[in-house]
Number of protein chains: 2
Amino acid sequence: MSDKTPREIISRRNRPAKAALSRDIIVSTALGILQKDGLSGLSLRRVATALDTGAASLYVYLANLDELYSLMLDRALASVMLPEAGNRPWRDRLKKYLVSYLHVLYERQGLAQLAMSTIATGPNSLRMWEVLLGLLKEGGVDDARLVWGVDMLLLYVTAIAAEQSNWRATGQDFGRVGSALATLSAEQFPLVYALFQGGRFSGIGDGDARTQWALDVIIDGIKANHNSF
Amino acid sequence: MSDKTPREIISRRNRPAKAALSRDIIVSTALGILQKDGLSGLSLRRVATALDTGAASLYVYLANLDELYSLMLDRALASVMLPEAGNRPWRDRLKKYLVSYLHVLYERQGLAQLAMSTIATGPNSLRMWEVLLGLLKEGGVDDARLVWGVDMLLLYVTAIAAEQSNWRATGQDFGRVGSALATLSAEQFPLVYALFQGGRFSGIGDGDARTQWALDVIIDGIKANHNSF
DNA sequence: ACCTGAACACCGTTCAAGT
DNA sequence: ACCTGAACACCGTTCAAGT
């Protein structure tokens, strides 16, 4: 008799009494699910199930799904690598930092998509602004254009990450033109046609070279327009 | 007797025998709903209800929701205004064209969001590529950088539209920093703090001047990097 | 060929009720 | 104060059955 009932009792107590909910483990669990199944696989109900509870329980810690998104994003941004304070020129450090941000977004399925539609709240987003403002300032951009410049860099890199994530997710690959290229008429669209025939579209997804080029474009552009008030 | 039954028959026949479904009216109806209620208000079930049928009926004309998105986007792009072939410089025409694209995205709630996550298919997207390639070519950008340049311009403008739509939708307004600015510590984030105190963030949402500046940044940057192979 | 109702497997969010 | 089950009002998609 004393051998039978303990089994059940132990099986209940052994899982550590439900692991105590908190914002922190909710966000961690959610990021785990995002990593594994992407944004479409993420739901409050799945997070709740993973935490062995019901979706309603999460509302003690979260106002709604949007708040979870916002918290997830800021948490993920913690792993953007700070540039070493070394003696490399500011432009190299700036690009490296932005590429690190790009990688953080790109490596977790769906995070870039989330970053495009969510306004990041919290310390890690602020720290990114601080770092980027510092680097542009070091590059000689004056105060009047600093904020616009940082916003532009962040927005564009976020957009690249979202676009590339999209290609990866859908298997599509040649830019925003999509499969329309297949049914291309030389008379209607001579320029697109010529460039397509010339293979100019095929390598559009070549992430790294293109990203480097694009960052140089923006940085040079900002430098050229930084005091045009 | 002959007076009673007709009523019911007429009431069925008067609604024009169900208006005959087609891809076209499905897309139009969907764009109407998007216009009115935004992306979150759009669903296949709502489109179906508006067309006085069930959601399952739409699957004769659409593979899935994603295809509807794609069709909606291309349809909407039809109203991007072509630049007049006049004698204005290419840069002005390019900027005007991109601003027209921005407005098309911005004016319909949720369309920008849709454009960020959907690869446009169809003739209108191709026509935009054709126009933009032509304008950059006229500006002297060489073939090696044309495709990257157009992709960059389109991606950035799409991203601006999505960001600004987001601000409008949420009432938020100061860039990607969000409400974190309220709890700002001068020691941890001196640069952000100083610029915030100086009011540099408050006008970040000033759409038009900022957009013009950003387009000049990219165009100048492309010109500066257009033959760096 | 086109349309439909019903079903399936999901959602976010609320709320009364429990501890 | 925290957690829960059940309910509400939704989703996209499939499929057998009708015309």
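This report describes a predicted model with chains A and B, from overall fold to single residues.

## Fold of chain A

Chain A is built from helices. It holds ten helices and zero strands. Read along the sequence, the pattern is α-α-α-α-α-α-α-α-α-α.

Chain A has 229 residues, and 48% of them count as buried. Contacts reach across the sequence. Among contacts in chain A with a separation of 6 or more, 69% join residues 24 or more positions apart. The exposed area of chain A is about 10900 Å². Carbon and sulfur atoms supply 53% of that area.

## How the two copies relate

Chain A superposes on chain B with an RMSD of 0.0 Å. The operation is a rotation of 180 degrees, with 0.0 Å of shift along its axis. The two copies are therefore related as by a two-fold rotation axis.

Gly221(A) marks the approach to this axis. Its C-alpha is the nearest to the axis in chain A, at 2.1 Å. Both copies use the same surface: 99% of the contact residues of chain A recur in chain B.

## Helix α7 of chain B

Helix α7 of chain B covers residues 123-138, which is 16 residues. At 1.5 Å a residue, this helix should span 22 Å. The end C-alpha atoms are 22 Å apart, so the expected and modelled spans agree.

Many side chains here are covered. The buried residues of α7(B) include Trp129(B), Met128(B), Glu130(B) and Val131(B). Several leucines are also buried, among them Leu126(B), Leu132(B), Leu133(B), Leu135(B) and Leu136(B). Asn124(B) and Ser125(B) are buried too.

The buried residues of α7(B) pack against helices from both chains. Chain B provides α4 (65-77), α5 (90-107) and α8 (143-170). Chain A provides α9 (190-197). Just after α7(B) comes Gly140(B), with a positive phi of about 95 degrees.

## Thr211 of chain A

Thr211(A) sits in helix α10 of chain A, residues 207-224. Is this threonine buried or exposed? Its relative accessibility is 4%. Buried means under 20%, so Thr211(A) counts as buried.

Which residues does Thr211(A) touch, leaving out those up to four places away in sequence? They are Leu102(A), Ile160(A) and Gln164(A).

Note on methods. Residues are numbered from 1 along each chain as its sequence is written. Chains are lettered from A and ligands numbered from 1 in the order in which they are written. This is a predicted model: local features need pLDDT of at least 70, side-chain atom pairs count only at pLDDT 80 or more; totals for chains, interfaces and linings use all residues. Side-chain values use heavy atoms; hydrogens and water are left out. Helices (H or I, at least four residues) and strands (E, at least two) are DSSP runs, numbered from the N terminus. Buried means under 20% relative accessible area, exposed over 50%, partly exposed in between (1.4 Å probe, protein chains only). Contact means heavy atoms within 4.5 Å. Accessible areas come from the Shrake-Rupley method with a 1.4 Å probe; for residues, only the protein chains shown count as cover. Copies are superposed by least squares on the C-alpha atoms of residues with pLDDT of at least 70 in both. The expected span of a helix is 1.5 Å times one less than its number of residues.
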